[in-house]
Amino acid sequence: MDDFERHGIGVLSGRDACARALRSPELTSDPGGGSPSVLLRDGDGHTRVRGVLREIIAGLEPLPAPVLAGIEAVVAGLGSSFDLVRDFARPVAGLVTSAALGVELDDAFLDRLEATTANLDVFGGADRAGQAAAFRLAVQLSRTPAGPGGLTALREAHAAGRLDEDELAINAVVLAHAAYENSLNFLACAGLELAKSGPRGVRELVTAVCPARYVLRFGPDGPLAVSLADGLPFGLGRHACPGSGVALAEGEVALTALAQHLEPGCEVGDVEWKTHPVFHGLAKAVVTRSGNR
């Protein structure tokens with residue numbers, strides 16, 4: 001919250017107030033400047049780009065069999081001691097992101113993806129390295145051969161006149177980052193909850209964890225950080241997360257398998273948290289299964 005106040009950003013909390021703000025026609029996601037990102041615009045441009053992205057996401061509903069098998073294989077390969085981030089959440093999130101893009105992703109790409117700044121750091125504008133990483137990813141994706149999936153669909157939408165050049169470049173990164181970062185953070189934090197407290201439902205966990213804690217809106221009184229942590233993990237209104245169904249399905253498969261792997265108990269150590277003001281996530285958490293301590 002202090003990070004926001006330093007940049008003159010107000011903070012809104014409380015579920016009812018935040019729900020009204022997210023639905024309010026008086027608040028916009030557009031900070032001005034004509035961003036091509038679907039996250040930073042409203043009106044017809046937002047509706048058009050969101051429609052393209054929603055078509056891509058629909059291709060993962062339900063999750064394809066190879067993705068399901070890949071998630072189960074990640075969990076089956078966990079040893080008696082493992083890092084919830086490196087060994088569980090990262091490969092699962094990588095699998096789903098790869099399927100969303102239609103591109104094989106290696107560890108180097110995931111490293112670069114984690115270095116990007118969501119919304120191009122609109123909350124403060126200070127992370128130049130993150131913005132540069134996002135630009136490099138846009139260039140890399142523009143040169144990457146792709147099979148069936150999101151990257152090919154974005155290119156086809158551009159060829160059909162549904163996206164311009166800038167929208168094609170930036171929203172490829174938006175799609176990759178949204179599919180990866182939020183899944184990575186949610187799965188690791190939810191896995192920690194399972195390790196500490198035992199089985200819980202995925203919908204309950206996603207609300208409790210809420211990997212994206214705030215969204216930014218602009219109104220007559222200036223910028224406003226609207227909390228999603230009061231029971232609104234996927235947002236509401238015209239900017240509600242279009243991939244919520246995929247996120248829940250991914251979590252259901254991965255966390256159900258993980259809960260079975262953790263039985264009959266475990267211990268957790270070396271817990272380290274990320275410090276981003278918006279994205280809530282683990283940097284590290286080592287789980288040791290019962291009988292292997």
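Me: I take contact to mean heavy atoms within 4.5 Å. With that in hand, what covers the buried residues of α6?

Reply: Keep in mind that this is a predicted model. The cover over the buried residues of α6 includes α5 (84–101), α7 and α9 (165–197). Helix α6 itself runs over residues 107–115, and its buried residues are Phe109, Leu110 and Leu113. Those three sit on the same side of α6, because they cover an arc of only 100 degrees around the axis.

Me: Where is Ala133, and is it buried or exposed?

Reply: Buried means under 20% relative accessible area. Ala133 belongs to helix α7, residues 128–142, and with 5% relative accessibility it counts as buried. If you skip the neighbours within four places in sequence, Ala133 is in contact with Arg112, Ala115 and Thr116. You can also look at Glu114: it is 19 residues from Ala133 in sequence, but the two are 9.0 Å apart in space, C-alpha to C-alpha.

Me: How do I read a pair of packed helices, say at what angle α3 and α8 cross?

Reply: Two numbers describe a packed pair: the angle between the axes and the distance between them. For α3 (residues 43–58) and α8 (residues 150–159), the axes come within 10 Å and cross at roughly 145 degrees. That crossing is right-handed. On the α3 side the contact is made by Val52, Leu53 and Ile56, and on the α8 side by Gly150, Ala153, Leu154 and Ala157. Sort the residues of this contact by type and you get six nonpolar, one polar and no charged.

Me: Which residues of α8 are buried, and what do they pack against?

Reply: The buried ones are Gly150, Leu151, Thr152, Leu154 and Ala157. They pack against α3, α5, α7 and α9. Just after α8 you'll run into Gly161, which takes a positive phi of about 85 degrees.

Me: Which residues have a positive phi although they are not glycine?

Reply: Try Cys210 and Asp270. Cys210 has a positive phi of about 45 degrees and lies in the loop between α10 (202–209) and β3 (214–219). For Asp270 the positive phi is about 55 degrees, and this residue is in strand β5, residues 266–273.

Me: And the peptide bonds: which one is cis, from Glu61 to what?

Reply: To Pro62. The bond from Glu61 to Pro62 is cis, with omega near -5 degrees. To find Pro62, go to the loop between α3 and α4 (65–76).

Me: Back to the cysteines. How many disulfides does the structure hold?

Reply: A disulfide needs a pair of cysteine sulfur atoms within 2.5 Å. The structure holds zero disulfides. Cys210 is in none, as the nearest cysteine sulfur, that of Cys18, is 10 Å away. Cys241 is in none either; the nearest cysteine sulfur for Cys241 is that of Cys210, 11 Å away.

Me: Are those two, Cys210 and Cys241, buried or exposed, and at what relative accessible area?

Reply: Cys210 is buried, with a relative accessible area of 1%. Cys241 has 32% relative accessibility, so it counts as partly exposed.

Key. Residues are numbered from 1 along each chain as its sequence is written. This is a predicted model: local features need pLDDT of at least 70, side-chain atom pairs count only at pLDDT 80 or more; totals for chains, interfaces and linings use all residues. Side-chain values use heavy atoms; hydrogens and water are left out. Axes are lines fitted to C-alpha atoms, for helices over the stretch in contact, and angles run from 0 to 180 degrees between N-to-C directions. Helices (H or I, at least four residues) and strands (E, at least two) are DSSP runs, numbered from the N terminus. A crossing is left-handed if the near helix is turned anticlockwise from the far one by less than a right angle, and right-handed if clockwise. Ala, Val, Leu, Ile, Met, Phe, Trp, Tyr, Cys and Pro count as nonpolar, Asp, Glu, Lys and Arg as charged, and the others, Gly among them, as polar. Buried means under 20% relative accessible area, exposed over 50%, partly exposed in between (1.4 Å probe, protein chains only). The arc is that of the directions from the helix axis to the C-beta atoms.
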